[in-house]
Amino acid sequence: VYKRQALTKEKERIEQGKSKITEKSAQIVEMARQQRLREIFTLFDSDEDGLVSANHIDISHVPTPILEIFAPFLTEMEELNIVLDLQTFLEAAHKLVQNLSTGERDKLFGQYKSMKKTSPQCTFQPMINQRSEKLALRQRPYGQPDLYD
């Protein structure tokens, strides 16, 4: 009897742990999706005024898969002459996402990659850590050429 009680208590603890994990995982996924939709809003807000309207979207910076997925959404915005702020866009995009197929959702959210415009930081000159540079300065005998020469 004692073993059965211990086993049922252990099973209950495991089930409670699973629900916490799945809730946490769902929160993380939802946060990543919200961030992705914010990035899409930023892509659509080409004039950077905090509003998206179908007439003022520069589609040259928007990746083709996103344009394909959001085409009905943008068409409806254009037909109704709607202007959306971030919050309204997120709500409307969330409704759109619920109606997407699994493949379309994977194109939009799968392999989460940031779409932020980044400047390339590639150079052919080695980057030296500041701490390493200080150590080298202390160890270098006076009169030696500069570290970068």
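From the N terminus on, the elements of this chain run α-β-α-β-α-α-α, which adds up to five helices and two strands. Helices here are DSSP runs of H or I with at least four residues, strands are runs of E with at least two, and both are numbered from the N terminus. What you're looking at is a predicted model, in which local features need pLDDT of at least 70 and side-chain atom pairs count only at pLDDT 80 or more, while totals for chains, interfaces and linings use all residues. Residues are numbered from 1 along each chain as its sequence is written, and side-chain values use heavy atoms, with hydrogens and water left out.

How far can you trust it? The score to look at is pLDDT, the predictor's confidence in each residue, from 0 to 100. The chain averages 78, and 76% of the residues score at least 70. Over residues 114-119, though, pLDDT stays under 50. Where pLDDT is low, the predicted coordinates should not be read in detail.

Now let's go inside. Of the chain's 149 residues, 20% count as buried; that label means under 20% relative accessible area, with exposed meaning over 50% and partly exposed anything in between (1.4 Å probe, protein chains only). The largest nonpolar core has 23 residues. Such a core is a set of buried Ala, Val, Leu, Ile, Met, Phe, Trp, Tyr and Cys residues joined through side-chain atoms within 4.5 Å. Phe44, Phe70, Phe89 and Leu108 have the most contacts inside it. The elements giving two or more residues to this core are α1 (2-44), α2 (64-80), α3 (86-98) and α4 (102-109), and α2 hands over the largest share, six residues.

So take a look at α2. Its buried residues are Ile66, Ile69, Phe70, Phe73, Leu74 and Met77. The helix has 17 residues and reaches 23 Å from its first C-alpha to its last, close to the 24 Å expected at 1.5 Å a residue (that is, 1.5 Å times one less than the number of residues). Still, α2 bends by about 55 degrees at Phe70, and a proline, Pro72, follows within four residues. The bend is the angle between axes fitted to the seven residues ending at a residue and the seven starting there. Just after α2, Asn81 takes a positive phi of about 55 degrees.

Phe70 has plenty of company: leaving out residues up to four places away in sequence, it touches Leu37, Ile40, Phe44, Phe89, Ala93, Leu96 and Leu108, where a contact means heavy atoms within 4.5 Å.

Next, the rings. The structure holds six aromatic pairs. Rings of Phe, Tyr and Trp (its six-membered ring) pair if their centres lie within 6.5 Å; planes under 30 degrees apart count as stacked, over 60 as edge-to-face and the rest as tilted. Phe44 and Phe89 are edge-to-face, at 6.1 Å centre to centre with 80 degrees between the planes. This pair links distant parts of the chain, with Phe44 in α1 and Phe89 in α3, 45 residues apart. Phe44 counts as buried at 1% relative accessibility, and Phe89 is buried at 0%. Phe70 and Phe89 are stacked instead, at 6.1 Å and 10 degrees. Since Phe70 lies in α2 and Phe89 in α3, that pair ties together parts 19 residues apart in sequence. Ring pairs link Phe41, Phe44, Phe70, Phe73 and Phe89 into a cluster.
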